[in-house]
Amino acid sequence: YEIRFEQATKTQELNELVTAINHMAEALSKQENLRKRLTTDMAHELRTPLTAVGSHLEAMIEGLWEATPERLKSCHDEVKRLGTLVADLERLAKIEDENLLLDKTKMDLLEVVGIVMENMKAEAEKKKLSLRVSGVVSVVYADKARMHQVVTNLLSNAIKYTPEGGSVTVEVLDQSDCGVVKVTDTGIGIPEQELPLVFERFYRTDKSRNRKLGGAGIGLTIVKSIIAAHAGTVSAESDASGGSSFTIRIPKGDV
Ligand code: ADP
């Protein structure tokens with residue numbers, strides 16, 4: 001009986017080992033696919049503006065096109081877009097590299113929200129959006145500059161994806177274990193099936209592509225990385241009738 005029992009235990013252990021190895025292989029293959037996709041997406045994002053500039057310049061050099069100020073400006077615009085894209089990529093790489101190097105201090109989320117709102121006021125006014133903040137002081141132990149970046153990205157998306165005359169509201173809540181910032185807009189919304197995808201690198205919803213809005217789809221990936229480095233959470237909600245809201249939660253930690 002004892003021998004049989006021992007054998008049974010060994011078989012069970014072996015089975016567990018096999019399962020663990022299979023899980024590991026699966027995880028590695030997922031990582032590898034993600035890396036491949038990242039490279040292809042990046043190449044695609046860079047190729048479009050490069051092709052446009054390249055062919056315009058070629059036509060001008062060969063004398064097929066006159067180098068009018070408008071054509072030169074269009075080339076310059078594409079080059080600027082490339083510059084922004086590269087800067088975004090650098091910022092993302094830096095954040096992912098330095099995940100553990102946070103400069104944490106005791107800071108008030110409401111204060112950061114106030115500063116970012118002030119910076120974005122002009123942009124919101126241009127689109128005749130009503131921009132409101134409500135809430136209370138919420139002190140958390142976090143990297144202030146990075147929180148500034150998070151709120152900036154969320155607020156600039158809310159403004160970007162909300163048509164003229166709409167409204168953008170930021171709420172700061174102070175819960176017993178975490179500080180919460182919620183950015184709500186009355187904009188174009190995000191289809192339910194795309195909600196989990198918007199945090200992926202380069203992901204842009206069909207709605208925003210169709211309307212030629214937005215950038216390269218990196219802003220929310222940066223938000224997700226920063227929040228993860230603080231052991232917090234970020235979530236997105238959207239209504240079929242339009243409007244989206246993004247909520248971040250930062251644990252209070254040692255405050
Ligand atoms: P982008 O630079 O394209 O805005 P992000 O990573 O910040 O990149 O966002 C990814 C995508 O998520 C956007 O392209 C857009 O499709 C969608 N999105 C983000 N925020 C909002 C919002 N407030 N309302 C509607 N769609 C949004």
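Trainee: Let's start with helix α6. Which of its residues are buried?
Mentor: Keep in mind that we're looking at a predicted model. To count as buried, a residue needs a relative accessible area under 20%. In α6, the residues on the buried list are L220, T221, I222, V223, S225, I226 and I227.

Trainee: And which residues of α4 do they meet?
Mentor: Helix α6 covers residues 219–229 and packs with α4. On the α6 side, the contact is made by G219, L220, I222, V223, I226 and I227. Their partners in α4 are R146, M147, Q149, V150, N153, L154 and N157.

Trainee: How many of the residues in that contact are nonpolar?
Mentor: In soluble globular proteins, nonpolar side chains tend to be buried together. In the contact of α4 with α6, four residues are polar and one is charged. The nonpolar ones number eight.

Trainee: Is the crossing of those two helices left-handed or right-handed?
Mentor: Let's describe the packing before we get to the hand. Two packed helices are described by the angle between their axes and the distance between the axes. For α4 and α6, the angle is about 145 degrees and the axes are 9 Å apart. As for the hand, the crossing of α4 and α6 is left-handed.

Trainee: Which residues touch the most other members of the largest nonpolar core?
Mentor: That core has 44 residues. I227, which you just met on the buried list of α6, is one of the best connected. The full set that touches the most other members is M147, L154, L155, V183, I218, I227 and F246.

Trainee: What is I227 in contact with, once its neighbours within four places in sequence are left aside?
Mentor: From the α4–α6 contact you already know M147 and V150 as residues of α4, and both turn up here. The rest of the list includes residues further along the chain, R249 among them. Altogether, I227 is in contact with M147, V150, G232, T233, V234, I248, R249 and I250.

Trainee: R249 is on that list. Is R249 buried, partly exposed or exposed?
Mentor: R249 is found in strand β7, and besides I227 its contacts include Q175, C178 and G179. Its relative accessible area is 34%. Partly exposed lies between the 20% and 50% cut-offs, so R249 is partly exposed.

Trainee: What comes after α6, and what is its phi?
Mentor: Most residues other than glycine have a negative phi. The residue to look at is A231, which sits in the loop between α6 and β6 and counts as exposed at 60% relative accessibility. A231 follows α6, and its phi is positive, near 60 degrees.

Trainee: Where is K128, another residue with a positive phi?
Mentor: K128 isn't a glycine either, and its phi is near 50 degrees. At 60% relative accessibility, K128 counts as exposed. Its place is in the loop between α3 and β2.

Trainee: Moving on to charges: how many salt bridges does a search of the whole structure find?
Mentor: One of them pairs E118 with K121, the closest N and O atoms being 3.5 Å apart. There is also a network, in which salt bridges that share partners join K73, D77 and K80. Over the whole structure, the search finds six.

Trainee: Why are E118 and K121 separated by about one helical turn?
Mentor: An α-helix has 3.6 residues a turn, so residues three or four places apart point the same way. E118 and K121 both belong to helix α3. They are separated by about one turn because their spacing in the helix is three residues.

Trainee: Which helices does the salt bridge of E111 with K144 tie together?
Mentor: In this pair, the closest N and O atoms are 3.3 Å apart. Both ends are partly exposed, E111 at 39% and K144 at 34%. The two residues are 33 apart in sequence, and E111 lies in one helix and K144 in another, so the bridge ties together α3 and α4.

Trainee: Last one: K252 pairs with D174, so is K252 buried or exposed?
Mentor: Their side chains meet at 3.0 Å, N to O. K252 lies in the segment after β7 and D174 in strand β4, so the pair ties together parts 78 residues apart in sequence. D174 is partly exposed at 37%. K252, at 16% relative accessibility, counts as buried.

Methods: Residues numbered from 1 in each chain as written. Predicted model: local features only at pLDDT ≥ 70, side-chain atom pairs only at ≥ 80, totals over all residues. Heavy atoms only, no water. Core = buried A, V, L, I, M, F, W, Y, C linked by side-chain atoms within 4.5 Å. Buried < 20%, exposed > 50% of the residue type's maximum accessible area, 1.4 Å probe, protein only. Contact = heavy atoms within 4.5 Å. Salt bridge = Lys/Arg side-chain N within 4 Å of Asp/Glu carboxyl O. Helix = DSSP H or I, 4+ residues; strand = E, 2+ residues; numbered from the N terminus. Axes fitted to C-alpha atoms, helices over the stretch in contact; angles between N-to-C directions. Left-handed = near helix turned anticlockwise from the far one by under 90°. Nonpolar A, V, L, I, M, F, W, Y, C, P; charged D, E, K, R; others polar.
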